[in-house]
Amino acid sequence: MVTEIIETPAAAQYTADELMTIVAARELNNGDVVFVGIGIPSTAANLARQTHAPDVVLIYESGTIDTKPTKTPLSIGDGELAETALAVVSVPEIFAYWLQPGRIDVGFLGAAQLDRHGNLNTTVIGDYAHPKVRLPGAGGAPEIALASKRTMLVLRQSARSFVEKLDYVTTVGHHEGHGSRATLGRAGNGPAIVITDIGVLRPDPVTDELTLVSLHPGRTVEEAVAATGWPLKIADDLSETTPPTVTEIEALRRVSST
Amino acid sequence: MTNIMTLSEAVAQNVNDGDTVAMEGFTHLIPFAAGHEIIRQQKRDLRLVRMTPDVIYDQLIGAGVARELVFSWGGNPGVGSLHRFREAVDLAYPRSLELDEHSHAGMSVRYSAGASGLPFGTLRGYVGTDLTKYTDNVRPISCPFTGESLAAVSALNPDVGVIHAQQADRHGNVGFWGILGVQKEAILASRRSIVTVEEIVDEFDPRVRVVLPHWVVSAVAMVPRGAHPSYAHGFYDRDNAYYRAWDEISRDRDVFSAWIETHIMNTSDFSEHLAMIEPTLAEV
C-alpha cells in the first residue's frame, strides 16, 4: 500500500468554515454518541464518522438514531437520514427517552450570541417585545445543552457575538460560572470547548470562564481580544491550532452537501 | 359514515375563526395544501401551534390569519429567516402576533400530555433560561416522590390538528412512515383533526409505521403532493429550490401579497397552484 504519503499541511487551502468544521470533527472520539444540529455541527460529525471516528453515533432531533448519510443533509429531517438510520423514533421519544436520561455524550450547538460562561442566545437581539433582530428561537438547544455529558459550541467570533451580557438566555452553558451549573439539577457537564474562526476556547477549571487556549494559523491574540465583548482571558500555554491537512480537507469536501 | 371528503369541505367543517390550530410535520409531511386552504377560506384570529413554524406558517402569518403563535423554532431551514414572521413580530404587520415560545422538548411534552388527557407534563428542562419569563405555560414543580425540581408544562389541546400522511385506507384510517415527528401526538391531543394524504388504498403499504384509526380522524382528504415543497417519503423529495425562492418572495410585502393572490386566492385548489410551479417538482 502506498497511500497516506502526501500529507502536506502547508499546501492545504481552506475557508474559515472548513477550518472550524475540521477542528470540531477532531474533538469527537470514536464511539461518541452525538446529538447533532444542522450546519457546521452536522458536517463535522459526518466528517468525523468518515475519517478518524467511524463508530461515532449520529442522532438528529428529527428522531433518526445512528444515521449514516453519505452527504451532509441540508435539513435535520432529510429523507436520507431516515433511510440510513438504525432506528427512527418520534420527536417526543427522541427528547424524552434518548436525550433526557443522559444517554448522549456530545451535544453540538451553534448560536448567535455567547457569553463568557458559554450561555447562548438564539432568540432575539435587543428587547424581547421589540427586538432589533428576531432569531429562530430555542429549538432543541436548551435540553440538549442540559442533558448531554458535554457540549461543543461552534460560532464565529466577533464583538457582536461574544458579548458581556446576552440579550436573552436561550440555553444555559456554565450559568454564572464557579460551578453554579450544578445548582440547576441533574445535568451534564456543560460546554467543553468553543470553536471559532479565530481560535479555540475552553472553560477555566475553577471559574468556568472561557479562556483562549489555541489560535488558528495566522490569527493573533489582538484579533481574538478585539472580537470579544469581555476582557478575554488567555491561557499561559496558548498553542497554535494544527492546520487542516490535505486529507482532512478532501474528506470534508466529499461529505459537504454543496 | 365516512370521514373522507374534499379538503375544502374538511377545512370548512372543522376550522372556525378564533380556533387553536396545530399543523405538524417535522421537516417531512408538512401539510402545505391544508395551510393554503385555510388562507383561501380567509380564516381569522387563529392561535397557530407548531414546533417548527417554517414556510407554511410564514404564509399563514403573512396572510393575516394568526393572532398568536405557539412554537419552539421559527426559520426557513437551510435558508435563513422567515420574513413574514419577523415583520409580524417587529412591526405588527399585517397584524400583531403574540408569541408563546418553548423548547422542542417542552413542546413535545405539551403535545404528549394533551394526547394523554393530562393537564400538564413534566421534563428536565427550561432551567436557567429566559424562556420561562415570557410564557405562563411553564412552571417549576417538585417531584412528590424525590423532591427533585422539574419543569411542568401545560397540555396542548388544539381545537384542530392538521397533518399530511402517505396513505389512508377506504375506511379513513391513516398511515404514514419515514420521519415521524410529533404528528401522532398532535392528532390525539386535538378535539378535531384533518389529514391530507397522497393516496387512498385498499391495503396499507408494509412500510407504514404509525396508524391513526378513522375514529380519531375527523376528516381525510386526498391531496397528491399535498406536502409540497416539503417531502413525502417514498413519493417525492423536498423542493429545496422552492425554499430558497421563498426567501425572495417573502422579503417584500407586495411581492408576497401578489404571490398569495396568484397561487392561493385565485386558484380553486392546491393542484392548480402545483401546476403553476410544475417545473420545480421532482419525482423520487
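How many helices and strands are there in chain B? Chain B has nine helices and 12 strands, counted as DSSP runs numbered from the N terminus (H or I over at least four residues for helices, E over at least two for strands). This is a predicted model, in which local features need pLDDT of at least 70 and side-chain atom pairs count only at pLDDT 80 or more, while totals for chains, interfaces and linings use all residues. Residues are numbered from 1 along each chain as its sequence is written, chains are lettered from A in the order in which they are written, and side-chain values use heavy atoms, leaving out hydrogens and water.

As for overall dimensions, the C-alpha atoms of chain B fit a box of roughly 60 × 45 × 35 Å along the principal axes. The radius of gyration of chain B, 19 Å, agrees with the value near 19 Å for a compact globule of 284 residues; the radius is taken over C-alpha atoms, and the globule rule is 2.2 Å times the number of residues to the power 0.38.

Over in chain A, an open sheet of 10 strands with mixed pairing runs in the order β4-β3-β2-β1-β5-β10-β11-β12-β13-β14, where pairing takes at least two DSSP bridges between two strands. Its edges are β4 (87-88) and β14 (233-240) of chain A, each paired on one side only. Strand β13 (residues 210-215) of chain A runs parallel to β14(A), with four bridges joining them; A:Leu212 has A:Ile234 as its bridge partner in β14(A).

Next come the voids, found on a 1 Å grid over the protein atoms alone: a cavity is a set of points where a 1.4 Å probe fits but cannot get out, a pocket is an open set with protein on both sides within 12 Å along at least five of seven lines, and lining residues have an atom within 4 Å of a point. Volumes are the space filled by probe spheres set on the points, with grid points joined across faces, edges and corners. The second largest pocket comes out at about 470 Å³. Its lining counts 28 residues, with A:Phe95, A:Ala96, A:Tyr97, A:Gln100 and B:Leu123 nearest the centre. Two or more lining residues come from each of α4 (91-99) and α5 (141-147) of chain A and α5 (104-115) and β5 (120-123) of chain B, and α4(A) gives the largest share, six residues.

The whole structure holds one cavity of 30 Å³ or more. The largest cavity encloses about 40 Å³, and residues from both chains line it, including A:Pro142, A:Arg181, B:Tyr126 and B:Thr129.
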